[in-house]
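Dear colleague,

I am passing on the structure we spoke about, together with some notes on what was found in it. Please keep it open beside you while you read.

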Amino acid sequence: MRKLFAAVGAVLLATVAAVFAFGPSAHAAAGFTVSNGRLYDANGNEFIMRGVNHAHTWYPNQTSSFADVKALGANSVRVVLSSGDRWTRNSASDVSNVIQLCKANRLICVLEVHDTTGYGEQSGAITLDRAVDYWLSISSALNGQEAYVIVNIGNEPYGNQNYSSYATDTANAIRRLRDGGLTHTIMVDAPNWGQDWSFTMRDNAPTVFSADPAGNTVFSVHMYGVFDTAAEISDYLGRFRSRGLPIVVGEFGHNHSDGNPDEDAILSYTQANGIGWLGWSWSGNSGGVEYLDMATNFNPNQLTSWGERLFNGTNGIRQTARQASVYDSTPPTTPPPSTPPPSTPPPSTPPPSTPPPSTPPPSTPPPSAGCTATYSISGQWQGGFQGEVRVTAGASAINGWTVRWTYANGQTVTQSWNATVTSSGSTVTARNVSYNGRLGAGASTTFGFLGSWNGTNSAPAVACTAS
């Protein structure tokens with residue numbers, strides 16, 4: 001959004017003034033700014049994110065991670081924080097410490113509230129309005145840091161249900177932050193666990209962007225199994241580019257429980273088109289998605305295959321990252337203490353990364369009509385597990401499906417995605433949701449769930465009924 005200057009004189013003069021104020025050669029600003037779909041740092045130089053996500057709120061003592069990812073070439077880090085609604089609250093002093101760690105290591109800090117994840121579907125998730133309350137409550141840590149910090153209002157703020165108010169809620173959150181005095185660049189995540197398979201963020205992006213009186217908002221999509229082809233990736237990101245709207249890939253991986261994203265296409269297209277990205281995640285994943293760790297046990301000398309790919313591979317961080325110019329002429333600051341303010345120890349098993357929807361490619365058709373289902377355990381830890389059920393249509397297309405099973409060892413389902421799951425005693429019934437019930441002959445879809453167990457966690461027999 002261009003700012004118009006009121007002045008007596010020719011319209012041409014005002015137009016030229018606006019161009020010089022917001023173009024790539026702009027004079028130094030207080031912080032990051034957005035112009036014509038591009039992000040510029042406080043020196044007026046374009047900044048393209050090349051970094052990683054770091055689960056700070058669950059691992060607050062892993063402060064060396066900032067120096068480690070910088071040493072591997074990253075120019076930015078997206079930091080997981082909690083408002084205190086679902087995990088231990090990150091105080092203003094802790095956030096200040098995080099920002100100082102970023103600055104000491106010449107990284108741009110993207111700060112996000114994780115408690116919004118899957119709102120409308122995930123039990124306990126908070127609204128974007130509640131996330132704004134948190135940001136305003138820690139404004140003392142943010143004020144004056146506009147040149148180094150981007151505020152990501154809330155992680156994956158809606159699941160696959162009840163996301164129709166996304167545009168209104170996001171616009172209102174932006175306005176509240178501005179009214180509360182926040183002048184930073186704001187980042188907003190997509191619904192549908194960040195993957196926007198419904199195109200809700202994509203189609204409402206101009207309206208959301210115009211809600212920011214500062215015209216300083218960046219959109220973020222998370223690319224997992226929904227983005228498994230180069231065509232899907234280029235089409236989605238290209239639509240933002242063609243409208244002059246800023247977009248970044250705020251999370252992505254090389255694999256996921258919902259499908260196999262095309263990470264090579266993500267890296268290639270973003271490099272060719274000057275689009276930023278932040279890979280998920282540095283270390284500490286659990287619940288069956290440990291393969292998304294880039295470093296084993298936070299050790300930068302033990303990169304996983306995913307870490308090697310992202311840091312050292314073609315179009316990876318070492319090849320493409322450029323440090324923000326605000327750090328180019330200033331010496332490094334003295335790093336803050338390595339031990340942050342005391343906090344409640346993180347859970348020994350942090351939550352698995354958020355499971356987005358999936359429609360895998362067709363498999364070989366089974367010999368009969370109706371449908372079949374297979375049950376598998378994709379991850380297990382003490383007292384809990386993550387499961388997945390694949391539903392496959394038979395020789396004829398189906399319009400819907402219902403899967404049932406009965407647990408023999410007292411297991412329970414505590415959370416689900418891509419299906420409506422109910423329990424009656426030990427019997428579990430899962431029915432399709434609106435977007436995955438219609439399957440062509442031989443086509444498959446999956447749904448997932450989290451469960452609890454004690455003693456034995458054997459896989460039950462499952463039955464599938466088509467409609």
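In what sense, and over how many bridges, do β14 and β17 pair? In this predicted model, the two strands β14 and β17 pair in the antiparallel sense, and five bridges hold the pairing. One of the places to look is Trp417, whose bridge partner in β17 is Gly448.

These two strands belong to an open sheet of four strands, in the order β11-β12-β17-β14, and the pairing in this sheet is antiparallel. Because β11 (371–381) and β14 (412–417) stand at the edges and have a single partner strand each, one side of each is left without a neighbour in the sheet. From one strand to the next, the twist of this sheet averages 25°. On its other side, β17 (residues 444–452) is paired with β12 (residues 384–393), again in the antiparallel sense, over nine bridges. Two residue pairs let you trace this register on the screen: Phe385 has Gly451 as its bridge partner in β17, while Val391 has Thr445. Strand β17 is mostly covered, with eight of its nine residues buried.

The other sheet to describe is a barrel, which eight strands close in the order β3-β4-β5-β6-β7-β8-β9-β10, with parallel pairing. Its twist averages 25° from one strand to the next. Within the barrel, β6 (residues 149–152) and β7 (residues 186–189) run parallel and are joined by two bridges, and Asn152 has Met187 as its bridge partner in β7. Further round, β8 and β9 pair in the parallel sense over five bridges, with Ser220 facing Val248 of β9 as its bridge partner. Six of the six residues of β9 are buried, so this strand is largely enclosed by the rest of the structure.

Helices pack against this barrel. Helix α6 (residues 166–179) lies across β7 and β8 (217–223), and its direction runs at about 160° to β7. Helix α8 (residues 230–242) also packs on the sheet, where it touches β8 and β9 (247–252), and its direction makes about 175° with that of β8.

How do α7 and α8 lie relative to each other, roughly parallel or roughly antiparallel? The axes of α7 (residues 200–210) and α8 come within 10 Å and cross at roughly 5°; with angles under 35 degrees counted as roughly parallel, the two helices are therefore roughly parallel to each other. From α7, the contact is made by Met201, Arg202 and Ala205, and from α8 by Asp235, Tyr236, Arg239 and Phe240. By class, the residues of this contact divide into four nonpolar and three charged, with no polar ones.

One residue of the barrel deserves a closer look, namely Leu278, which lies in strand β10 (residues 276–279). At 0% relative accessibility Leu278 counts as buried, because the cut-off for that term is under 20%. Although Leu278 and Val52 are 226 residues apart in sequence, their C-alpha atoms are 4.5 Å apart in space. Leaving aside neighbours within four places in sequence, Leu278 is in contact with a list of residues that includes Met49, Gly51, Val52, Asn53, Ser76, Val77 and Arg78, as well as Val110, Val249 and Phe252.

Helix α10 (residues 305–312) also has a buried part, made up of Trp306, Gly307, Arg309, Leu310 and Phe311. What covers these buried residues of α10 includes the strands β3 (50–54), β9 and β10, together with the helices α2 (65–71), α9 (263–273) and α11 (317–320).

Finally, some totals for the whole protein. The secondary structure comes to eleven helices and 18 strands. Of the 467 residues in the protein, 56% are buried, and the protein exposes about 18,000 Å², of which carbon and sulfur atoms supply 51%. Among contacts with a separation of 6 or more, 75% are between residues 24 or more positions apart; the pair Leu278 and Val52, at 226 residues apart, is an example of such a distance along the sequence.

With best regards

Technical notes
Residues are numbered from 1 along each chain as its sequence is written. This is a predicted model: local features need pLDDT of at least 70, side-chain atom pairs count only at pLDDT 80 or more; totals for chains, interfaces and linings use all residues. Side-chain values use heavy atoms; hydrogens and water are left out. Two strands pair if DSSP finds at least two bridges between them. Axes are lines fitted to C-alpha atoms, for helices over the stretch in contact, and angles run from 0 to 180 degrees between N-to-C directions. Contact means heavy atoms within 4.5 Å. Angles under 35 degrees count as roughly parallel, over 145 as roughly antiparallel, 65 to 115 as roughly perpendicular and the rest as oblique. Ala, Val, Leu, Ile, Met, Phe, Trp, Tyr, Cys and Pro count as nonpolar, Asp, Glu, Lys and Arg as charged, and the others, Gly among them, as polar. Buried means under 20% relative accessible area, exposed over 50%, partly exposed in between (1.4 Å probe, protein chains only). Accessible areas come from the Shrake-Rupley method with a 1.4 Å probe; for residues, only the protein chains shown count as cover.
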